[in-house]
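Let's take a walk through a protein together, one step at a time. Please have a look at the picture below before reading on.

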Amino acid sequence: EVARFQHSTPVAFCSFSPDGRLLATWDTDGMATLRQTNPPRLLASYRTTPPAPPFQGRISFSPKGDHLALGQQNEILLWQWTSGRQRTIPVRELGEAVSAMAFSPDGRFLAAACSQIQIWDVSGVWRQPDESEAPTVGQSVGHSASILDLAFAPDGATLATAESDQQ
């Protein structure tokens, strides 16, 4: 089935919810939108920082589909689209814009990377005061090349990386 959605600027990133009922997009002008796929309709939108050129960043649903993560230049924006609440996670250790991002299968951890990998425990982020930061898990891990993708194993105990240095 093909569904077309109108955007005012090009779409840089997109992600389906785990159940496939929702589609999140992030346009080059910074507009993040959430749409129901069947029947097609707009559910929510949020203006944020545009993805860093040339299309650096990521968008990803949590495993339960109740919030989105938008990996940007200097931060990750967590957007609980059902309530409109947002939380920001600084990404000081990554060095550049987020190039890869993944939630653990249980949704407890969020990993993000560029030339460094950092993992945060986001399990209690919506219960914490707005100004508090999500706790990091371990130390950031550096790599010799850009990290292109991240994936947690189904048990959440292993994180795989795809890097541009062929390792």
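Is Leu78 buried or exposed? Keep in mind as you look that this is a predicted model. Leu78 has a relative accessibility of 0%, so it counts as buried; the cut-off for that word is under 20% relative accessible area.

Where does this residue sit? Leu78 belongs to strand β7, which covers residues 75-80. Setting aside residues up to four places away in sequence, Leu78 touches a long list of others, including His67, Leu68, Arg87, Phe103, Val125 and Trp126. Val122 is also among the residues it touches. In sequence Leu78 and Val122 are 44 residues apart, yet in space their C-alpha atoms are 9.4 Å apart.

Leu78 and Val122 also turn up together in the largest nonpolar core, which has 15 residues. Within this core, the members that touch the most other members are Ile76, Leu78, Ile89, Leu110, Trp120 and Val122. Three elements, β7, β9 (100-103) and β10 (109-113), each give two or more residues to the core. Ile89 makes a good example of how members meet: leaving out neighbours within four places in sequence, its contacts include Ile76, Leu78, Leu110, Trp120 and Val122. Ile89 is also in contact with Asn74, Glu75 and Ala134. Here is a general idea to keep in mind: in soluble globular proteins, nonpolar side chains tend to be buried together. Apart from this core lies another one, of 14 residues, and Ala24, Leu34, Phe61 and Trp79 are among them.

Now stay in strand β7 and move along to Gln80. With a relative accessible area of 14%, Gln80 is buried, because the cut-off is under 20%. The side chain of Gln80 joins that of Ser83 through a polar contact of 2.8 Å. Beyond its neighbours within four places in sequence, Gln80 is in contact with Asp66, His67, Arg85 and Trp126.

Next, turn to the start of the chain's strands. How many strands form the open sheet, and in what order? There are four, arranged β1-β2-β3-β4, with antiparallel pairing. At the edges stand β1 (11-16) and β4 (40-47); each has a single partner strand, so one side of each is left without a neighbour in the sheet. From one strand to the next, the twist averages 20°. In general, strands of a sheet pair through backbone hydrogen bonds, either parallel or antiparallel. For a closer view, look at β3 (residues 31-37), which pairs with β4 in the antiparallel sense over seven bridges. Met31 has Arg47, in β4, as its bridge partner.

Finally, look for the aromatic rings. The structure holds two aromatic pairs. One is made by Phe13 and Trp26, a tilted pair with 5.8 Å from centre to centre and 40° between the planes. This pair links distant parts of the chain, as Phe13 lies in strand β1 and Trp26 in strand β2 (residues 22-27), 13 residues apart. Phe13 and Trp26 are both buried.

Tyr46 and Trp79 form a pair too: their ring centres are 5.9 Å apart and their planes meet at 35°, so this pair is tilted. Because Tyr46 lies in strand β4 and Trp79 in strand β7, the pair ties together parts that are 33 residues apart in sequence. Tyr46 is partly exposed, with a relative accessible area of 23%, whereas Trp79 is buried, with 2%.

Definitions and conventions: Residues are numbered from 1 along each chain as its sequence is written. This is a predicted model: local features need pLDDT of at least 70, side-chain atom pairs count only at pLDDT 80 or more; totals for chains, interfaces and linings use all residues. Side-chain values use heavy atoms; hydrogens and water are left out. Two strands pair if DSSP finds at least two bridges between them. Axes are lines fitted to C-alpha atoms, for helices over the stretch in contact, and angles run from 0 to 180 degrees between N-to-C directions. Buried means under 20% relative accessible area, exposed over 50%, partly exposed in between (1.4 Å probe, protein chains only). Contact means heavy atoms within 4.5 Å. A polar contact is a pair of N or O atoms within 3.5 Å; within protein, one must be able to donate a hydrogen and the other to accept it, and residues adjacent in sequence count only if both atoms are side-chain atoms. Rings of Phe, Tyr and Trp (its six-membered ring) pair if their centres lie within 6.5 Å; planes under 30 degrees apart count as stacked, over 60 as edge-to-face and the rest as tilted. A nonpolar core is a set of buried Ala, Val, Leu, Ile, Met, Phe, Trp, Tyr and Cys residues joined through side-chain atoms within 4.5 Å.
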